[in-house]
Amino acid sequence: MKVYTKTGDKGTTALFGGTRVPKYHLRIDSYGTVDELNSYIGLIRDQEINLRYKEVLIDIQDKLFTVGAILATDPEKAILKNGKERLNIPKISEEEVAQLENEIDAMEAGLPPMTHFVLPGGHTTVSYCHIARCVCRRAERLATELNDMEPTDLMVLKYLNRLSDYLFVLARKLSFDLKADEVKWIPKKTE
């Protein structure tokens, strides 16, 4: 199978189900941003970090492929003529959201309480987490906008929301593990 099909040379692409849309369509932007997020998570996973974090990140990457597939499916063609779902894969469930929450809770248990916002940075690996968190928030915003136009699986929105929280706490935990400075944001007072 060739990588190039030439079918998108005029600026359109096919959704799962065959519907053709412009490459700037909100649905394409949504799952494209999830793909970008997945790449940044791969970058975090490539760092010298705890094996447990790497395992969780691989699982997250797998779930993001599911999220992308859900977002890439034309809702009008999501159900086949025989009544079965076009996507024959496990969907995002409450269990996956709970797994993220459990990971967040486990990491936070070993961290000092947050008293201020923190400036992103302190170590390259921590910065990658913050970039991924921001891309995750953008993916969530786009998926939410898409959901307002064409309802989608609400578990996608919930998973992306919790994933951004996970990435924030992972950044804090890696700051702690790597003994990086966590710089508090303390607004200057006006005179």
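Visitor: How do you know whether helix 3 passes helix 5 in a left-handed or a right-handed crossing?

Guide: Helix 3 passes helix 5 in a left-handed crossing, a name used when the near helix is turned anticlockwise from the far one by less than a right angle, whereas clockwise would be right-handed. This is a predicted model, in which local features need pLDDT of at least 70 and side-chain atom pairs count only at pLDDT 80 or more, while totals for chains, interfaces and linings use all residues. Residues are numbered from 1 along each chain as its sequence is written, and side-chain values use heavy atoms, leaving out hydrogens and water.

Visitor: What makes helix 3 roughly parallel to helix 5?

Guide: The two pack at an angle of about 15°, with their axes 9 Å apart. Angles run from 0 to 180 degrees between N-to-C directions, and axes are lines fitted to C-alpha atoms, for helices over the stretch in contact. Under 35 degrees counts as roughly parallel, over 145 as roughly antiparallel, 65 to 115 as roughly perpendicular and the rest as oblique. Helix 3 is therefore roughly parallel to helix 5.

Visitor: Which residues of helix 3 and helix 5 meet?

Guide: Among them are Val 97, Leu 100, Ile 104 and Met 107 in helix 3, and Tyr 159, Leu 163, Tyr 166 and Leu 170 in helix 5. The residues of this contact divide into ten nonpolar, no polar and nine charged.

Visitor: Why are helix 2 and helix 3 described as roughly parallel or roughly antiparallel?

Guide: Helix 2 (residues 51-71) and helix 3 (residues 94-109) pack at about 155°, with their axes 12 Å apart. That angle makes them roughly antiparallel to each other. Their crossing is left-handed. In helix 2, Val 56, Ile 60 and Lys 63 are among the residues that meet helix 3, whose side includes Glu 96, Leu 100 and Met 107. This contact has five nonpolar, one polar and five charged residues.

Visitor: How do you know whether Lys 63 is buried or exposed?

Guide: Lys 63 lies in helix 2. Buried means under 20% relative accessible area, exposed over 50% and partly exposed in between, with a 1.4 Å probe and protein chains only. Lys 63 has 10%, so it is buried. Leaving aside neighbours within four places in sequence, Lys 63 is in contact (heavy atoms within 4.5 Å) with Ile 92, Glu 96 and Tyr 159.

Visitor: Why does Asn 147 count as buried or exposed?

Guide: Asn 147 lies in helix 4. Its relative accessibility is 15%, so Asn 147 counts as buried. Not counting residues up to four places away in sequence, Asn 147 touches Thr 152, Leu 154 and Leu 157.

Visitor: And what makes Lys 179 count as buried or exposed?

Guide: Its relative accessibility is 73%, so Lys 179 counts as exposed. Lys 179 sits in the loop between helix 5 and strand 4 (184-185). Its phi is near 55°, a positive value in a residue other than glycine.

Visitor: How many residues has the largest nonpolar core?

Guide: The largest nonpolar core has 42 residues, and Leu 37, Ile 60 and Leu 170 are among those with the most contacts inside it. Such a core is a set of buried Ala, Val, Leu, Ile, Met, Phe, Trp, Tyr and Cys residues joined through side-chain atoms within 4.5 Å. Helix 5 gives the most to this core, with twelve residues. Leu 170, leaving aside its neighbours within four places in sequence, is in contact with Ile 44, Tyr 53, Leu 57, Met 107 and Cys 129.

Technical notes:
Helix = DSSP H or I, 4+ residues; strand = E, 2+ residues; numbered from the N terminus. Nonpolar A, V, L, I, M, F, W, Y, C, P; charged D, E, K, R; others polar.
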